[in-house]
Amino acid sequence: MKYDVIVPVLMAFGISVVLGPFVIPFLRRLKVGQTVREEGPQSHLKKSGTPTMGGLMILTAIVVTSLVYMKDYPGIIPILFLTLGFGLIGFLDDYIKVVLKRSMGLKAWQKMALQLIMTGIFAYYVQNVLQLDLAMKIPFWENHYLDFGIWNIPLLFIVVIGTDTGANFTDGLDGLASSVTVMIAVFFSVVAIGTESGIAPITCAAVGALLGFLLYNVHPASVFMGDTGALALGGFVAATAYVLQMPLFLLIVALIYVIEVLSVILQVSYFKLTHGKRIFKMAPIHHHFEMCGWSETKVVAVFSIVTALLCLVALLGVW
Amino acid sequence: MDTIENQSRFFRRKKMVVFFFAILLLAAILMGRLTYLMIFASGYYEEMAIMVHERERNIKAPRGRILDANGVVLADNITVCTVSVIHSQIEDPEAVIEMLCRELSLSEEYVRQRVEKYTSIERIRSNVDKETGDRIRSYNMAGVKVDEDYRRYYPYGDLASKVLGFTGGDNQGIIGLEVVYEEYLTGTPGQILTVTDAAGLELVSEGERRIEPIPGQDLILSLDYNIQSYAQQLATQAMLTKGAESVSIIVMNPNNGEILAMVSVPEFDLNDPFTLVSGNEADMTEQEYQDALNRMWRNDCINDTYEPGSIFKIITAAAALEEGLVEAQEMFHCPGYVIVEDRRIRCHKTTGHGSQTFTEAIMNSCNPVFVNIGLRLGVEVFYSYFEKFGLLSRTGIDLPGEAGTIMHQPENMGPTELATVSFGQSFQVTPIQLAVTVASIINGGNRVTPHFGVRTQTRDGEISEIFSYPVTEGIVSEETSAQMRYFLEQVVENGGGRNAYIEGYRIGGKTATSQTLPRNNGVYIASFIGFAPAEDPSVLAIAIVDHPQGTYYGSQVSAPIIRQLFENILPYLEDSSYN
């Protein structure tokens, strides 16, 4: 087991950690400081000046490690594809936002179009080349699948883009997206090892990369992952889930992503419907807790603990 | 505008643009490569998938054989092959289809469908004989795989079918000795080891290592092929000539419980256990079919009970002797019936045996005398002997599904029940139970455990384990045992068992003719138990004929079977280095 589990973790961790002292000053010199939203919590205004696009560190660590294993573990290729592909979209978005100073980044339709293309290639691959049945394993119910036949494909698009958006929203506090996603990556690593699915190298690389990145990203953060990182991680989580035929498990292990997205949808709809009333103090929901008096680190800790517990529960339902 | 500031901004800008395009370029190249691998190089995956499949295959181990006491193989293995195709490795599909159709006699449509199916591996046919399998392999066509496996084979078809049992699809025992000794008979599968085992895929450049499979242990039985075949032959003959429903025979060594033969005709073919002997499965429902199969596989010697009838008088007599309640020379009178409570129980000789000693009463198999003896014992004492002789527990034979005795509770036994029990009616035991109990009475008082399994050994004959079985001593005293042997020798020499007599041999035995329920329907069970030599028995046999047509007396129907059996096997047993 050491070859395909421990080595990728350490390799990715090493790359991620070593890149820090080089990449972070470089990003800072390029003045890729994240423009903090004016509408965000006051406490966050201190953050302007902290460079973003740290996702490049994570991505480099995962990509390099995966390249080493790609030949012997071809199963990781689709996951690498979607991770890198979405990471690229995030990179474009970050670049436009930060370097070209247009704070909203890619236009919504542009972003969506790119995401659709990437997902499309991934879907084609899974369906036609891997000929993987898109039926989804139902947690806790052995040998039972949820199968919508031809509608599995549109569902795949929704799940992938939804997960990605969830990851994106989760990236709002120091270390939040990294901590939550590292738990999810550990969960998938355990499943990958247990089912001998041959994808352990990339899931373990994600674990290592994120742990390395967290050294620089925990509060007070020296670098943010930006959309480059967030979208890449979203892609990684969604792709891994589909390769293992376990998208339904995302509802458990990636519940934080789901809650983040839902909180935004609910807040916006309610606001529009009631002409100005709010459900949460602020959306996405991690800001709401901050506004309730929780410190940033507390929110991150709580969300991580919740994810860890959910992953344990989900492990019981894996078959 | 300050030129220096503009300049630095310009350089900074340039750096960023370079940086941006560098990353974009790298990423684009990588994405392109990934897309290529994913969409266009899919054949690569097939290889990997197959190798995972191969890596996971165990090497099957041959099942242990079952041999009789002299080394005759009763259950063996033959090598069979499974023929499969790997779509992506096939180079000439038409040739493969043509060859497989021809060699395996399959329709072209069937084979074509499987050859053209886009999956990693597809099974064409299993249970192919080795010769054909080897031939298919010798064509050396890419994409065709021939794997070997073992299948159980019984060289003697229906010999001891209900004793040996048979195996299922995965070569696991289903009934009989095959399932009881499963642990010993099942071998340990071997493995194909690769360099990256556990979760990894094998590296093609590295060689394979094999851990050889360990064959299952061979099981050596006490069964004797010659005695079993002869007994089976006799039983089948009797069944046909007497028009009986079934015939059971047990031949055992009364001193150690080893069973030399166990027959329950009609037997079935072990190589085809799911085909009904009656042959009309097509007309049956699922449930009817299953019931019919169970009936076909049933071993009447151990799975069913019956009313033992007069053979049971041996037990009544032994109990009375132990209690000192009767003597050999004691005089009795039989008027042809006896009245118990308000019932008149008839003797089989309706005119009565008149005056007779106890010895003569046994020779005559006189019911009223035994009712008398039974009443002397009383319910409590009789019941306690029932227990002491082991009749209420199972014999512990090494076959599955041994039935228990069906007997009244002592509190429900009044004089009438006691009376009928004394001559072996109104309760039920299995034939093996009866045989073992009688054996314990005539062998000096030792209740043995009947068994087939003697020892296990490796393929090369090295002994692995010798089985030992419990013996309970002190069932009856030596005197009682000697006395019973004497009585029963008289039965054969001068009494109702004279049809079992063989010149030159001293044989003991007892007849029985019991009517089945409901009474007066004219259905009988004719049985006879015999042992030899009478003074120091080394073999005991019982024959039970169920529902004979025409004459139905144990003395007429079953005693001759035992005589014929002994005629053949007594000299055989003397000659062989047996015991």
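Helices here are DSSP runs of H or I, at least four residues long, numbered from the N terminus. The model is predicted.

Q: What makes α18 of chain B, the home of B:Pro571, count as a helix?
A: A helix has to be a DSSP run of H or I with at least four residues. B:Pro571 sits in α18, which covers residues 559-575 of chain B, so that run meets the minimum.

Q: Why is B:Pro571 called partly exposed?
A: Its relative accessibility is 27%. Buried means under 20% and exposed means over 50%, so B:Pro571 falls in between.

Q: What does B:Pro571 touch, beyond its neighbours within four places in sequence?
A: B:Tyr505 and B:Phe566 are in contact with B:Pro571.

Q: Why is A:Met53 called buried?
A: The cut-off for buried is under 20%, and A:Met53 comes in at 0% relative accessibility, so buried it is. A:Met53 is in the loop between α1 (2-29) and α2 (55-70) of chain A.

Q: What makes the phi of A:Met53 worth a look?
A: Phi is about 65° there, positive although A:Met53 is not a glycine. Most residues other than glycine have a negative phi.

Q: Why does B:Ser426 count as partly exposed?
A: With a relative accessible area of 27%, B:Ser426 is neither under 20% nor over 50%, so it goes in between. B:Ser426 has a positive phi too, near 75°, and lies in the loop between α14 (415-422) and α15 (431-442) of chain B.

Technical notes: Residues numbered from 1 in each chain as written. Chains lettered and ligands numbered in written order. Predicted model: local features only at pLDDT ≥ 70, side-chain atom pairs only at ≥ 80, totals over all residues. Heavy atoms only, no water. Helix = DSSP H or I, 4+ residues; strand = E, 2+ residues; numbered from the N terminus. Buried < 20%, exposed > 50% of the residue type's maximum accessible area, 1.4 Å probe, protein only. Contact = heavy atoms within 4.5 Å.
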